Amino acid sequence: MNLLELEKQKLITDHRSLITRPRRLRANPAIRAMVRETELNARDFIYPLFVRHETGRSEIRSMPGVYQLSVEEAVRETETASKSGVNAVILFGIPKEKDPIGLENFSEDGIVQQAIRAIKKELPEMVVVTDVCLCEYTDHGHCGILNTGEHFHAGLPEGYVLNDPTLDVLAKVAVSHAECGADIVAPSGMMDGMVVSIREALDISGYENLPIMSYAVKYASSFYGPFRDAAEGAPKFGDRKSHQMDPGNVREALREAALDVEEGADMLMVKPALAYLDVIRVVKDAFPELPMAAYNVSGEYSMIKAAAANGWVDEEKVTLETLTSIKRAGADVIITYHAVEAAKWLK
Ligand code: PBG
């Protein structure tokens with residue numbers, strides 16, 4: 001078939017008659033930037049810090065560039081974050097001693113309590129978020145009080161994570177963080193009723209203006225592996241499937257989010273982020289009035305670091321593309337270990 005015949009049969013279009021050409025807005029960098037729908041900003045990021053009692057800092061084997069920090073080093077790292085334009089940190093503590101309940105978690109001299117006070121003293125404008133969970137503090141590494149000993153509840157399996165007794169501990173932890181000056185508390189244990197229990201305890205204690213960012217939709221994910229090295233909070237037996245969500249579920253995400261909204265959550269979170277972009281979108285569309293956070297978790301960070309170290313991907317480009325995709329999916333706020341680096345790249 002020659003060209004003329006093709007044209008007659010309208011199998012090719014006369015190029016002069018093409019009205020719609022999306023490419024017109026793509027080639028000129030200034031126009032391209034003008035019509036960009038999703039723009040990352042250092043203000044979107046929350047930077048996670050791991051605080052410990054020992055002095056100095058030590059790098060986490062599975063998370064290059066991430067450290068366990070003394071209180072002093074945590075202040076220094078927060079300063080670095082602040083200079084890069086990142087306005088918020090989220091604190092995780094590695095206690096001196098662990099026990100079945102995790103007493104240091106709500107102790108006045110707990111490591112997170114010390115870190116909050118030190119950071120707020122040196123950098124009062126910095127937003128200090130605290131993770132509220134038991135797993136880093138309990139000797140068994142679970143996110144709640146176990147069904148054993150004095151708490152034994154016949155009818156539930158030995159070692160089951162008990163929901164309601166755990167709520168009282170979570171409430172104590174949140175109040176203790178509030179007393180030290182935390183700006184936002186973020187319960188991450190996926191206990192039913194955790195938001196309302198914490199809300200009530202904060203309100204009775206005079207912290208009715210302290211926001212709760214709920215890890216509302218948290219999956220039982222293998223992407224948390226490196227974090228468990230960092231926070232030394234891996235479960236000593238079993239897993240977290242009795243409370244964290246099944247990766248196959250998305251309708252259940254709406255149920256979890258709705259409950260937390262009802263219980264008084266001020267912000268919702270989906271975690272992990274990258275393998276759950278569809279979940280971020282669905283939750284954002286269902287609750288557009290609430291700010292949404294997404295946790296770009298340890299495994300997602302370490303995968304990029306490992307590939308970049310091998311020269312297989314361009315770390316800067318892949319990281320910014322990943323973070324953009326999380327924001328495009330509907331996240332307003334992104335918790336990421338790449339926060340400070342990404343903020344510098346964005347400059
Ligand atoms: C629980 C908690 C975890 C993470 C944040 N908070 C671990 C877990 O649920 O097992 C994981 C974060 C990450 O992987 O970066 N306190």
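Which glutamate side chain meets the side chain of lysine 305 in a salt bridge? Hold on to that one as you look around; point 5 comes back to it. Here are some notes to help you find your way.

1. First, a word on what you are looking at. This is a predicted model, so please read each value below as computed from that model. The protein has 347 residues, of which 51% count as buried. Its C-alpha atoms fill a box of roughly 90 × 45 × 40 Å along the principal axes. You will find twelve helices and twelve strands in the protein.

2. Next, how the chain comes together. If you take contacts between residues at least 6 apart in sequence, 73% of them join residues at least 24 apart. On the outside, the protein exposes about 16,800 Å², and carbon and sulfur atoms supply 53% of that area. As for charge, there are 38 positive and 52 negative side chains, with the centres of the two sets 11 Å apart.

3. A good place to start a closer look is the stretch around helices H1 and H2. Helix H1 covers 3–8 and helix H2 covers 29–34, and leucine 25 sits in the loop between them. Together with Met34 and Val35, Leu25 makes a nonpolar surface patch of about 310 Å². Leucine 25 counts as partly exposed because its relative accessibility is 45%. Arginine 21 belongs to the loop between H1 and H2 as well. With a relative accessible area of 34%, arginine 21 is also partly exposed. Arg21 joins Arg23, Arg24, Arg26 and Arg32 in a positive surface patch.

4. Now to the salt bridges. Side chains of opposite charge can pair when their charged atoms come close. The count for this model comes to 16 salt bridges. One of them is between the side chains of arginine 57 and glutamate 73, at 2.8 Å from N to O. Arginine 57 is in strand E2 (residues 57–60) and glutamate 73 is in helix H3 (residues 71–84), so this pair ties together parts that are 16 residues apart in sequence. Arginine 57 also meets glutamate 77 in a salt bridge, this time at 2.9 Å, N to O. Glutamate 77 is in helix H3 too, so the pair with arginine 57 of strand E2 ties together parts 20 residues apart in sequence. How covered are the partners? Arginine 57 is partly exposed, with a relative accessible area of 32%. Glutamate 73, at 11% relative accessibility, counts as buried. Glutamate 77 is buried, also with a value of 11%.

5. Back to the opening question: the partner of lysine 305 is glutamate 315, and their side chains meet at 2.7 Å, N to O. The pair links distant parts of the chain, with lysine 305 in helix H10 (residues 298–309) and glutamate 315 in helix H11 (residues 315–328), ten residues apart. Lysine 305 counts as buried, at 12% relative accessibility. Glutamate 315 counts as buried as well, at 18%. Elsewhere, salt bridges that share partners join Arg57, Glu72, Glu73, Arg76 and Glu77 into one network, so the arginine of point 4 is worth a second look.6. Then there is a charged residue without such a partner. Glutamate 256 lies in helix H8 (residues 251–263). Glutamate 256 is buried yet has no salt bridge, and the nearest side chain of opposite charge, that of arginine 255, is 7.1 Å away. Leaving aside residues up to four places away in sequence, glutamate 256 touches Met190, Asp192, Ala216, Val217 and Met245.

7. Finally, please look at proline 288. This residue is found in the loop between helix H9 (277–286) and strand E11 (292–296). Proline 288 counts as exposed, with 53% relative accessibility. Follow the chain on to glycine 330: the two residues are 42 apart in sequence, while their C-alpha atoms are 9.0 Å apart in space.

Definitions and conventions: Residues are numbered from 1 along each chain as its sequence is written. This is a predicted model: local features need pLDDT of at least 70, side-chain atom pairs count only at pLDDT 80 or more; totals for chains, interfaces and linings use all residues. Side-chain values use heavy atoms; hydrogens and water are left out. Patches are made of residues with over 30% relative accessible area and no salt bridge: like charges are joined within 9 Å, nonpolar side chains (Val, Leu, Ile, Met, Phe, Trp, Tyr) within 5 Å. Accessible areas come from the Shrake-Rupley method with a 1.4 Å probe; for residues, only the protein chains shown count as cover. A salt bridge is a side-chain nitrogen of Lys or Arg within 4 Å of a carboxyl oxygen of Asp or Glu. Helices (H or I, at least four residues) and strands (E, at least two) are DSSP runs, numbered from the N terminus. Buried means under 20% relative accessible area, exposed over 50%, partly exposed in between (1.4 Å probe, protein chains only). Contact means heavy atoms within 4.5 Å. Lys and Arg count as positive and Asp and Glu as negative; His and the chain ends are not counted. The place of a charge is taken as NZ of Lys, CZ of Arg, CG of Asp or CD of Glu.
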